[in-house]
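Please open the structure in your viewer and keep the selection tool at hand, so that you can follow each stop of this tour at your own pace.

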Amino acid sequence: MELAANLTRLLARIDAACAAVGRDPGEVRLLPVTKYFPATDIAELYRLGRRDFGENRPQEAAAKAAEPIGTGIRWHLIGRLQRNKARQVVRWAHSVHSVDSERLATALGAATAAARDAGERDTPLEVLIQVSLDADPARGGVEPAAVPALADAIADTAELRLAGLMAIPPQAADPDAEFARLAELHTRLRARHPGATELSAGMSDDLERAIAHGSTCVRVGTALMGTRPITSA
Ligand SMILES: *Cc1c(COP(=O)(O)O)cnc(C)c1O
């Protein structure tokens, strides 16, 4: 009940944000972020028609992806990923939004090839480059100046498809200025890699601003799922 009402409200927010800047709502995907919430909630969202889900911890995501929720689900890893988890992640992930080094890209490419050989997947892995807008290492991401080289490396890696950019704006910053910078980086990226159309930006509190600056994917947890349970992880 509550999830259905939250979803309706959220989709209306996205529609209104698009209308405010003359964008087609079909260009902006909602990625429900289901971290810390049980698979039963994901099953409810599935019944409500959602097929994409974002998780930020590989182990938790793997467990949920193994649940019999339904067919046609696309799981997106949006949190930090260590190279030694790449092989596990490519068993279930449709995309990884948090690629921030060539070493990680190389590991994901090799892992995807191995998963294909093992019959565990039959598609390339979609990857987004996570950009650090404030150079805070705790949040992950590459600095803007490093994006072109990383993009070329990903484009040259068999089994990976460069889908676009992702960012989490710094909490203290003016989100408008940060999203504008991100949009400019995205424009430059697309000039060289026209297929990299995704801009994963915007969360519960700032999705309107992100949509105004060209977001194609808003990653929403709290506004849909409610407040996350406190966890020590
Ligand atoms: C948790 C999380 C979100 C969702 O944040 P909310 O503010 O709860 O909407 C989005 N992106 C990433 C990378 C996250 O880890």
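Which atom of the ligand lies 2.6 Å from a polar side-chain atom of T222? Select T222 together with the ligand, and keep in mind that you are looking at a predicted model; the partner of that polar side-chain atom is an oxygen atom of the ligand.

Next, add S204 to your selection, where a polar side-chain atom lies 2.5 Å from an oxygen atom of the ligand. Then turn to R228, whose side chain has an N or O atom 2.8 Å from an oxygen atom of the ligand. Taken alone, the ligand exposes 390 Å², and the protein buries 89% of that area.

Now widen the view to the residues around the ligand, which include V33, K35, N56, I78, I168 and M203, and also R219, V220 and G221. Sorted by class, this shell consists of 5 nonpolar, 4 polar and 3 charged residues. If you display the pockets of the protein, you will find that the ligand takes up the space of the largest one.

For the last stop, leave the ligand and select C18 and C217. How many disulfides does the structure hold? The number is 0, and for this pair the reason is distance, because the sulfur of C18 is 12 Å from the closest cysteine sulfur, in C217, which is too far for a bond. C18 counts as buried, at 0% relative accessibility, and C217 is buried as well, with a relative accessible area of 0%.

Definitions and conventions: Residues are numbered from 1 along each chain as its sequence is written. This is a predicted model: local features need pLDDT of at least 70, side-chain atom pairs count only at pLDDT 80 or more; totals for chains, interfaces and linings use all residues. Side-chain values use heavy atoms; hydrogens and water are left out. A residue is near a molecule or strand if one of its heavy atoms lies within 4 Å of it. A polar contact is a pair of N or O atoms within 3.5 Å; within protein, one must be able to donate a hydrogen and the other to accept it, and residues adjacent in sequence count only if both atoms are side-chain atoms. Accessible areas come from the Shrake-Rupley method with a 1.4 Å probe; for residues, only the protein chains shown count as cover. On a 1 Å grid over the protein atoms alone, a cavity is a set of points where a 1.4 Å probe fits but cannot get out, and a pocket is an open set with protein on both sides within 12 Å along at least five of seven lines; lining residues have an atom within 4 Å of a point. A molecule sits in a cavity or pocket if more than half of its atoms lie within 2 Å of its grid points. Ala, Val, Leu, Ile, Met, Phe, Trp, Tyr, Cys and Pro count as nonpolar, Asp, Glu, Lys and Arg as charged, and the others, Gly among them, as polar. A disulfide is a pair of cysteine sulfur atoms within 2.5 Å. Buried means under 20% relative accessible area, exposed over 50%, partly exposed in between (1.4 Å probe, protein chains only).
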